[in-house]
Amino acid sequence: MSDTTISDASPSEGDLPSVTAPASLTRSSATGSQTRARVAPSENAAAEETWSKTACILCENNCGVQVQLDGRRLSKIRGDKEHVRTHGYTCNKALRLDHYQNGGVRLTTPLRREIDGTYTEIDWDTALSEIGARLKRVRDEHGGSSIFFYGGGGQGNHLGGAYRGPLQHILGSKFRSNPLAQEKCGEAWVDAHLAGSHTVGDFEHAEVSMFIGKNPWQSHGVARARTVLKQIAKDPARTMIVVDPIRSETADLADIHLQVRPGTDAWCLAAMAAVIVQDDLIDHDFAHRHLRDGEKVLAALRDVDVSACAATCGIDEDVLRDTAVRIATARSLSTYEDLGVQQGPNSTLVSYLNKLIWLLTGNFAKEGAMNVHSSLAPLGAYDTELRRTPVTGTPMPAGLVPCNVIAEEILTDHPDRFRAMMIDSANPAHSLADSQRFQAALAELELVVVIDIALTETGRLADYVLPAASQFEKWEATFFDFEFPHNSFQLRAPLMDPLPGVMPEAEIYSRLFEEIAGVPRRRRAALRAAAKLGRRAFLATFIALAATDKTTMSKAPYLLYRALGPTLPHGAAQAAVLWGLCLKLFRSHPEAVKRAGHRTFNDLFDSILTERSGVVFSSDDYDASWVYGGRNERKISLDIAPLIEALTQLPDTQATFTTEEFPIVLVAGQRRSFTANTIFRDNAWRKSDTGGALRISLEDSQALGLPAGALALITTNRGSASAVVEVDDRLRSGHAALPNGFGLDLPVKDPATDTASSDGADERVGVALNMLTDAKLRDAFSATPWHKHLPARIEPAPASVPAG
Ligand code: SF4
């Protein structure tokens, strides 16, 4: 059992008061003096010396941490050694989490934008009733498909988004998206064709590890990344390969660094895959037993001109050949492709070539290799046949509208265009390509609703902004459960009571559902009565209702929240949806759950509710990789016709996108020691690189007349920005980088009140990257943006230009 304490702050139906807060923009108080608790204070808050368990919310690793509170301040933070996955590990960023909880200016009452652009504070009942009426109007006039849902959680908060489904269903909304649709969708489509679902590497055990456009030292993605990287580097029997134009911190530890020319990863990987085929390094035993439909792709790889590919990517041919041999002769290989390639040219082809390399060398469904894992709630659909968007007809890998076409789906007179947008825990006006155009698209919509803890750049363009509880004020979790063969999940208890006036997303979605659909009183009453009798009675009643009313399943999260939620201990109503997910997992993979120590799905659910350091929910042997991917016949088809065509076209494919006007390749969004996503709305969290420097090579610094500390003007085909130069010998000439997470418009605080100043002034530090990016620069298959490959011009900034 954990040592954490649990708040009973979670609301059940009807216990939230209507709020008309006098000041909606409130800097969170460290003492809590502004925030009279609306329920009994949590034990966490009362016991100052208590270490309470939670997780870091800054990247998908969600390292388990322990926190000591001083009032509402996260005064001490350390790794949680009992955490089932991260075992006490954290990077430097976790220690700065108080800046998320207390650094920014919080929103504590719903806002409605008036015709003159100003905001009026309104109470919750008014806000939800007006939004419900307007959503119904859009649905009735234009159809439910015109209502588009975006977001649903970032790096730490997916639990609230799990309650979105019933609202979306009752509205008839069919389209949604989130930031994964500007990163991982091409890979998801390739995974869907090959292994059948999301694949992960086993870097703890791999003899050879290959990171492609990935710097785990800074961007993590591998549990206990820095520890694992150091272990690999220390072991002479293991090899680390890094494919990256930048000599990253991970490349410093690598045995082989393939420092490709920016944007030529496809040629590099095609050459290595070709060597494996041409030199007969294929694992024939694995291929015979498990691969099929390989004729066309093998023929295409036999035709690849390795020398020409080496020349294009700028890597010595012998090095490429030796690397391919090292991979093919290893006992095991794990690979990780990430945004360095997934947000660059030919990203879906790169994904295909990466996976061909590990499949042809027999590195699937075994220790140290690539595997498909279990999931409590998959984050995307793994379909090979793709739905298309309503206006542009763009394919939707993972079932998500590609972020780069959203504006095009709005800025048109097409009758099927999106007319309304519900945005939850996401900031697309800042984080999607071509901010100017995306902001223009938001302005065209009949209704924009934003759910967030602060008034973000997107919230400022919304018709309504609904204030959510922070991630440390409610029950939370992510569905980044990507481990194999032992997969785990952590439900986080609130560390403190919510600020008065905010709501958890589960309550917001449920109330909006009731505004649209009305309260399903008969079903809810039957389920509530059954829940009081126990889980067995609840399950029987739920099954009976589902058998007689086909709409029951589409309302399941709502019904669970309203009926089962109030019976859960310590006010954990927001966790009710997990009961359904545990049931679903147990029904499909009972032995895996039992091997993890849970006799029934209710046992698993109870463990999740009580174990604060996380729970292993499935344990498998490696053969299960075939099952989770739906490859029960243990065969993988290698044939993805459009990508084989792209491979054969590679000799004629454009490899350089810089021009005389824009001669530099700009990385828009480099991960650094003090970068994070934009949930930190407080610039003071950074200990170094506080202004977000532009990194350029020494050669470019000298050629451009931009020494360290000079102010550079960066111009692309979409806009200009300025940043202070840092000379970085990790970069090759012609390559430059700006960090992610900067350029937010943050309210200037009044030092006397520690709240937003009354004149509404903002300050912006660093470059808002998407003022420079171009939504048209995107992958041919998945439409993922080229944020890491942006042609740009860099020059000394005129004296009149300020930084930013
Ligand atoms: S790796 Fe660092 S940023 Fe990521 S979750 Fe862990 S502590 Fe947070």
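This talk goes through the nonpolar cores, salt bridges, ligand shell and aromatic pairs of one structure, which is a predicted model.

I'll start with the cores. The largest nonpolar core has 90 residues, and within that core Leu491 and Leu578 touch the most other members. Helix α22, residues 576-588, gives the most to this core, with 9 residues. If we set aside neighbours within four places in sequence, the contacts of Leu491 are Leu159, Trp475, Glu476, Ala477, Ala575, Leu578, Ile608, Leu609 and Arg612. Leu578 is therefore on the contact list of Leu491, and Glu476 and Arg612 are on that list too. There is also a second, separate core of 75 residues, which includes Ala270, Val275, Cys309 and Ile644.

Next, the salt bridges. The whole structure contains 45 of them, and I'll take three.

Arg247 pairs with Asp252, with the closest N and O atoms 2.9 Å apart. Are these two residues buried or exposed? Arg247 has a relative accessible area of 27%, so it counts as partly exposed. Asp252 is at 41% and is partly exposed as well.

The second bridge joins Lys474 to Glu505, with a closest N to O distance of 2.8 Å. This pair links distant parts of the chain, 31 residues apart: Lys474 sits in the loop between β19 (464-467) and β20 (486-489), and Glu505 in helix α18, residues 505-517. Lys474 has 3% relative accessibility, so it counts as buried. Glu505, at 4%, counts as buried too.

The third bridge is between the side chains of Glu507 and Arg511, at 2.9 Å from N to O. Both residues are in helix α18, and because they are 4 residues apart, about one helical turn separates them. Glu507 and Arg511 are both buried. They also belong to a network, in which salt bridges with shared partners join Asp125, Glu507, Arg511, Glu514, Arg524 and Arg562.

Now the ligand. Which residues surround the ligand? They are Cys56, Leu58, Cys59, Asn62, Cys63, Thr90, Cys91, Ala94 and His220. By class, the shell holds 6 nonpolar residues, 3 polar ones and no charged ones.

Last, the aromatic pairs, of which the structure holds 20. In one of them, Phe148 and Phe418, the ring centres are 4.4 Å apart and the planes are at 5°, so the pair is stacked. It links distant parts of the chain: Phe148 is in strand β8, residues 147-151, while Phe418 is in the loop between β16 (371-372) and β17 (420-424), 270 residues apart. Both Phe148 and Phe418 are buried.

Another pair, Phe538 and Phe542, is tilted, with 6.2 Å from centre to centre and 40° between the planes. Both of these residues lie in helix α20, residues 535-548, where they are 4 residues apart, about one turn of the helix. Phe538 is at 0% relative accessibility, so it counts as buried. Phe542 is at 8% and counts as buried as well.

Finally, ring pairs also link Phe286, Trp358, Phe364 and Trp626 into a cluster.

Technical notes: Residues are numbered from 1 along each chain as its sequence is written. This is a predicted model: local features need pLDDT of at least 70, side-chain atom pairs count only at pLDDT 80 or more; totals for chains, interfaces and linings use all residues. Side-chain values use heavy atoms; hydrogens and water are left out. A nonpolar core is a set of buried Ala, Val, Leu, Ile, Met, Phe, Trp, Tyr and Cys residues joined through side-chain atoms within 4.5 Å. Buried means under 20% relative accessible area, exposed over 50%, partly exposed in between (1.4 Å probe, protein chains only). Helices (H or I, at least four residues) and strands (E, at least two) are DSSP runs, numbered from the N terminus. Contact means heavy atoms within 4.5 Å. A salt bridge is a side-chain nitrogen of Lys or Arg within 4 Å of a carboxyl oxygen of Asp or Glu. A residue is near a molecule or strand if one of its heavy atoms lies within 4 Å of it. Ala, Val, Leu, Ile, Met, Phe, Trp, Tyr, Cys and Pro count as nonpolar, Asp, Glu, Lys and Arg as charged, and the others, Gly among them, as polar. Rings of Phe, Tyr and Trp (its six-membered ring) pair if their centres lie within 6.5 Å; planes under 30 degrees apart count as stacked, over 60 as edge-to-face and the rest as tilted.
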